[in-house]
Amino acid sequence: MAPRKRSESSAAQAFDRLDPSTRFLFTPHTVTFLVLGLLALVYFSHPFSPDRRPADPAAGAALGYSNAKMGIWAMVLVYLGYSVVQGPSTCMVRPHPAVWRLVHGIMVCYLLFMVYLLFQNVDDARQFLRHLYPELGVELPERQYGADCRLYIPGQGINWKTIHDTVFDEFVVAHTLGWWGKALIIRNYTMLWFTSIAFELCELTFQHWLPNFNECWWDSWVLDVLVCNAIGIYTGMWTVRYFKSKQYNWSGISEQPSLLAMAKRGVLQFTPYSWDNFEWGIFSSPKRCLQCFFPPLIILLFEVNHFFLKAELWVPPINPLNTYRLTILFLFALPGIKEYYEFLESDSSNIFTKLGTFAWLAMAIAFVETLVTIKFGKGMFPQPWPRHVLLAWGTAAAVFAVVFGAWCWRFYVAGPQQRRRRRQQLEKLENGPAAAAKARQATVSDTRQKDE
């Protein structure tokens, strides 16, 4: 069975086995939501008693600004409400399909927001963010990164201050949790370690532009890669194996024997209904290899864009906008990578096969973010590319072109030729004795005819 059909059948099974006591939570209620939404609009918009514009110009401007702000938020909420009720169904059913329809609506709003920023200049974009958080729009103070990388200071001993400030940084736990989440999304060691090492190389590439990429070598390769990333990857893959081997028995809440069992079943509603294993087959062919490493490249785009957008739009690391963005990325990556995998595994002869909505939106957001980053970065980074960076990437590109080109030639040209020759040799070996016997019979028949 094709992966897409398998996911659709598992979703159908989830709805077929609904508990009668909670079945009403999964029925659409489209008319009810429409009536409630219209009542909410009537309550908040005051259509029967509109506000009059004050005579004072300042008060009138303040009222106009407040109405415009409320109108924009109302537009967003109306669209999100529509998404929850009428949005496209996905392969995700837990904790509720409406949650993932809401995530889909948030993705569309975020994409539209980035498209809007794309048509602004960087100064107007910075000031626009002040409508979300008034403290934004102010240039970030200079901060030193990687200023003292000494682990040992002669005459003073171990440099405990630098080690303490680095190890007990506020983002170390978030860094580890991020890689745990990436493991749940990708579910492949090769792709995860490729992404981990590639991001550190991106930091080395752009550290002459972004000060927070200036990390000590032991911070990047020991603390980040060998400690935080490794812990996140291996615990994440352990979680993957746990869900893969788990026996799923989704009896309803009303069927539980005790209150404790009911509470446990309620908590389990936030775990996956079923678990699919991704057999990526990375090195099965050159084409498959490129297809498999495309998601890590999209993840790297999101990661690098995150740091560039913070620097260009003057968003401090502790601002909630960073947390909201990362949460949105994680939520739509879960169904997005599944849809991408199903797209790769689908029947190529089916002309109606299409990429899923989450995967499509993820790619669109990644590339629009990159365009915003490039536009806003014009003139902000006058430092030229270091010679060693250009040399390193040029050498890597040349080596990759040679190795990948040789693989393609061997796989698509030399390999089929060798297989064709082997088939011909086998046919000769199989048909050789039969052909010789047939020739001898023909010779004997000709001799008899001549004698007669």
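Is Arg126 buried or exposed? In this predicted model, Arg126 is buried, because its relative accessible area is 6% and buried means under 20%. This arginine belongs to helix α5, which covers residues 122-128. Leaving aside residues up to four places away in sequence, Arg126 touches Gly137, Glu312, Leu313, Trp314 and Met380.

One of those partners, Trp314, deserves attention of its own. Trp314 is found in the loop between α11 and α12, and it is buried as well, with a relative accessible area of 18%. Its phi is positive, at about 60°, although the residue is not a glycine. Most residues other than glycine have a negative phi. His29 offers another case, with a phi near 55°. His29 sits in the loop between α1 (3-16) and α2 (30-45) and is partly exposed, with a relative accessible area of 35%.

A positive phi also appears at the end of helix α7, where Arg187 follows the helix with a value near 65°. Helix α7 itself runs over residues 172-186. Its 15 residues reach 21 Å from the first C-alpha to the last, close to the 21 Å expected at 1.5 Å a residue. The buried residues of this helix are Val172, Thr176, Trp179, Gly181, Lys182, Ala183, Leu184, Ile185 and Ile186. Their cover includes α6 (160-167), α8, α9, α11 (286-313) and α12 (320-345).

Two of the helices that help to cover α7, namely α8 and α9, also pack against each other. Two packed helices are described by the angle between their axes and the distance between the axes. For α8 (residues 189-206) and α9 (residues 217-245), the angle is about 155° and the axes are 11 Å apart. The pair is therefore roughly antiparallel, and α8 passes α9 in a right-handed crossing. On the α8 side, the contact involves Tyr189, Leu192, Trp193, Ser196, Ile197, Glu200, Leu201, Glu203 and Leu204. These residues meet a set in α9 that includes Ser220, Trp221, Asp224, Val225, Ile233, Tyr234, Met237 and Arg241. By character, the residues of the contact of α8 with α9 divide into twelve nonpolar, three polar and four charged.

A further helix pair is formed by α4 (residues 97-118) and α13 (residues 357-376), whose axes come within 9 Å and cross at roughly 25°. That angle makes α4 roughly parallel to α13, and α4 passes α13 in a left-handed crossing. From α4, the contact draws on residues including Trp100, Val103, His104, Met107, Val108, Tyr110, Leu111 and Met114. From α13, the participants include Thr357, Phe358, Leu361, Ala362, Ile365, Val368, Glu369, Val372 and Phe376. The residues of the contact of α4 with α13 divide into 19 nonpolar, two polar and two charged.

The last stop is Trp409, a residue of helix α14 (residues 387-451). Trp409 is exposed, with a relative accessible area of 52%, whereas Trp314 is buried. Along the chain, Trp409 and Pro286 are 123 residues apart, yet their C-alpha atoms are separated by 9.9 Å.

Terms used
Residues numbered from 1 in each chain as written. Predicted model: local features only at pLDDT ≥ 70, side-chain atom pairs only at ≥ 80, totals over all residues. Heavy atoms only, no water. Axes fitted to C-alpha atoms, helices over the stretch in contact; angles between N-to-C directions. Helix = DSSP H or I, 4+ residues; strand = E, 2+ residues; numbered from the N terminus. Parallel < 35°, antiparallel > 145°, perpendicular 65-115°, else oblique. Left-handed = near helix turned anticlockwise from the far one by under 90°. Contact = heavy atoms within 4.5 Å. Nonpolar A, V, L, I, M, F, W, Y, C, P; charged D, E, K, R; others polar. Expected span 1.5 Å × (residues − 1). Buried < 20%, exposed > 50% of the residue type's maximum accessible area, 1.4 Å probe, protein only.
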